[in-house]
Amino acid sequence: MLKVRGLHSGYGRIEALHGVDVDVEAGEIMTVVGANGAGKTTLLMTVCGHPRAWSGEVLFEGRDITGLPMFEIGRLGIAHVPEGRHIFPRMTVLENLQMGGYAVDPRHFDADLQRVLAYFPQLGNRLSQRGGTLSGGEQQMLAIGRALISRPRMLLLDEPSLGLAPLVVRQLFDIIADINRDERMTVFLIEQNAFQALRLAHRACIMVNGRITTRGTGAELLADPAVQAAYLEGAAPSAEEAP
Amino acid sequence: MTIDIFLQQLVNGLTLGAFYGLIALGYTMVYGIIGMINFAHGDIYMVGAFISLIGFLLFSALGVASVPVAILLVLVVAMVFTAVYGWAVERIAYRPLRGSQRLAPLISAIGMSIVLQNFVQLTQGARVKPLPPMVQGGYRFTLGTDAHLNVSLLQALIVFLTVALMAGFTYIIRRTPLGRAQRATEQDATMAALLGVNVNRTISITFIIGASLAAVAGLMATLYYGVIDFFIGFVAGIKAFTAAVLGGIGSLPGAMLGGLVIGMIESFWPVYFDLAYRDVAVFGVLVLVLIFRPSGLLGRPEIEKV
């Protein structure tokens, strides 16, 4: 569904991605894990056209979207839940969700709203509250809900666990799994929380310093001693392999 | 001060406040969405006044005899053409500088202000342009012996039109997808783009709305004062900008309230004090508000969780 080929990208004159190849197949949960500053967020943002790719290409459903403006990519059925959620703070929860449906036929909105509230019933009580006043977990739910309202075929999730309590993270990842299963939603997940991400993912890869170093199924990487040492705290430590 | 003078100044202040409020909306919207002060906005208002004047002459030459029809036609023409100016200013002078340091578009705006003034001065001449009074008559209310309140038809028209425009405009911003897209762009442009909002187009629309509101103010000035020249945008612009800051820059109700406050100060000051110090009073109030309420009357900084 999404093919990234030889992608180079960065900010100013600093290159952050040094030739990245990633495929995301329809209906799967694909995850990229890696440390802070590995280029995970840059990868996801470059797919959405901000920053622009320096070279290489991004294909979505066979179409080259590398040069498209951000808002057109957003209308193709790619919904991005960015790092830090990016809720519109001075708009109500309902208005935030309506923004999710900005590029969609408004006749779908009521049904889509019910669909989202089924996943995140908590949001239902908060529809008239301003987005900026929600807790971190609720904001993350709202960000995912807003993405779902746009009727995407692929969901890009950037660090949904960031700054959330472990229990909330568990809950959130269960819901992501539900969305993937119930709606056959393709999910491209970027995470630092490698354990949760790998547990969830069908396929996964590891990113180090702007390059993909390891690929496999989620279970394979979870069992890989090198991965355990580097990314899974407390599991089979082996000091010399840590980067 | 007797009640009749008080009420009379209230009506006059309301009329003035309507002007300033309409222009101030343009300042505050643009500031809200791209965080810059559009110093050419006062001159957009001036352009609107000239287009209105030309429109009146044109339609009377074409034989439009009915005053209400003429005003309606000129209103539409002035809004459309002034909007083109507002759009072009953004497209030419601000958009290429987006993403550069904050000072660059500010200087560019001052440049556009000079360009517009000189353009009108060159093409229309530097002399003051008169327009014969078109809307005459009004209402006279008797409040007692020797106490009257005069509300001219034009004042009523100005206030009515402003209230209608502001109501419609508030509805657009609060309730329509376009308004939501504008607010979303204002709060987080990157996120808005990710959701499919064409940010450049949304910013253009903001300039178009701001300019067409300024055009209405320009039309009103042409009718109300009967004389215009290429320099009227400067003082009106500064005062409307003051209104926007007074009300809390970025806040739409704030701009309307700020306009009203400035209008009231301007109309009541000469009743008590020397007319020559009127502008000093206006800007003095601005200084006081900025000292005691730095974010303006309604521009409350939001408390947000991060």
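This report describes the strands, sheets and selected residues of chain A in a predicted model, followed by a helix pair and two residues of chain B.

**Chain A: overall dimensions**

Chain A contains ten helices and ten strands. Its radius of gyration is 18 Å, close to the 18 Å that the globule rule gives for 243 residues, so chain A is as compact as a globular protein of that length. Along the principal axes, its C-alpha atoms occupy a box of roughly 55 × 40 × 30 Å. Of the 243 residues in chain A, 45% are buried.

**The antiparallel sheet of chain A**

One open sheet of chain A consists of four strands in the order 2-1-4-5, with antiparallel pairing. Strand 2 (14–24) and strand 5 (63–64) of chain A lie at the edges and have a single partner strand each, so one side of each is left without a neighbour in the sheet. Eight bridges connect strand 1 (residues 2–11) of chain A with strand 2 of chain A in the antiparallel sense. Within this pairing, A:L7 has A:V20 of strand 2 as its bridge partner.

**The mixed sheet of chain A**

A further open sheet of chain A is built from six strands in the order 6-7-8-3-9-10, and its pairing is mixed. Its edge strands are strand 6 (78–81) and strand 10 (211–217) of chain A, each of which pairs on one side only. Neighbouring strands of this sheet are turned against each other by 15° on average, direction ignored.

Strand 8 (residues 186–191) of chain A has strand 7 and strand 3 beside it in the sheet order. Strand 3 (residues 29–34) of chain A runs parallel to strand 8 and is joined to it by five bridges; here A:I29 stands opposite A:V187. Strand 7 (residues 154–158) of chain A is likewise parallel to strand 8, and five bridges join the two. In this pairing A:M154 has A:T186 as its bridge partner, while A:D158 stands opposite A:I190. The connection from strand 7 to strand 8 involves helix 7 (residues 166–183) of chain A, and the three elements make a right-handed β-α-β unit.

Strand 8 of chain A is mostly covered, with six of its six residues buried. In a regular strand, side chains alternate between the two faces of the sheet. In strand 8 of chain A, A:T186, A:F188 and A:I190 point one way, whereas A:V187, A:L189 and A:E191 point the other way; all are buried. The charged residue A:E191 is thus listed among the buried residues of this strand.

**Backbone geometry in loops of chain A**

Most residues other than glycine have a negative phi, and most peptide bonds are trans. Three sites in chain A depart from these patterns. The peptide bond from A:H50 to A:P51 is cis, with omega near 10°. A:P51 belongs to the loop between helix 1 (40–47) and strand 4 (55–60) of chain A.

A:E61 has a positive phi, near 50°, and lies in the loop between strand 4 and strand 5 of chain A. A:H86 also has a positive phi, near 50°; its place is in the loop between strand 6 and helix 3 (93–100) of chain A. The surroundings of these two residues can be set beside those of two residues of chain B.

| Residue | Other C-beta atoms within 10 Å | Burial class |
|---|---|---|
| A:E61 | 14 C-beta atoms | partly exposed |
| A:H86 | 22 C-beta atoms | buried |
| B:T142 | 10 C-beta atoms | exposed |
| B:Q101 | 8 C-beta atoms | exposed |

A:H86 is classed as buried because its count of 22 meets the threshold of 20 or more.

**Chain B: a helix pair and two residues**

Two packed helices are described by the angle between their axes and the distance between the axes. The axes of helix 1 (residues 3–34) and helix 10 (residues 252–272) of chain B come within 6 Å and cross at roughly 140°. The crossing of helix 1 of chain B past helix 10 of chain B is right-handed. The residues of this contact comprise 14 nonpolar, eleven polar and one charged.

B:T142 is located in strand 2 (residues 138–144) of chain B. Although B:T142 and B:D4 are 138 residues apart in sequence, their C-alpha atoms are 9.0 Å apart in space. B:Q101 lies in the loop between helix 3 (67–94) and helix 4 (103–124) of chain B. The C-alpha atoms of B:Q101 and B:F283 are separated by 28 Å, and the two residues are 182 residues apart along the chain.

Notes. Residues numbered from 1 in each chain as written. Chains lettered and ligands numbered in written order. Predicted model: local features only at pLDDT ≥ 70, side-chain atom pairs only at ≥ 80, totals over all residues. Buried ≥ 20, exposed ≤ 12 C-beta atoms within 10 Å, placed from the backbone. Pairing = 2+ DSSP bridges. Right-handed = clockwise from strand over helix to strand, strands pointing away. Axes fitted to C-alpha atoms, helices over the stretch in contact; angles between N-to-C directions. Left-handed = near helix turned anticlockwise from the far one by under 90°. Rg over C-alpha atoms; globule rule 2.2 N^0.38 Å.
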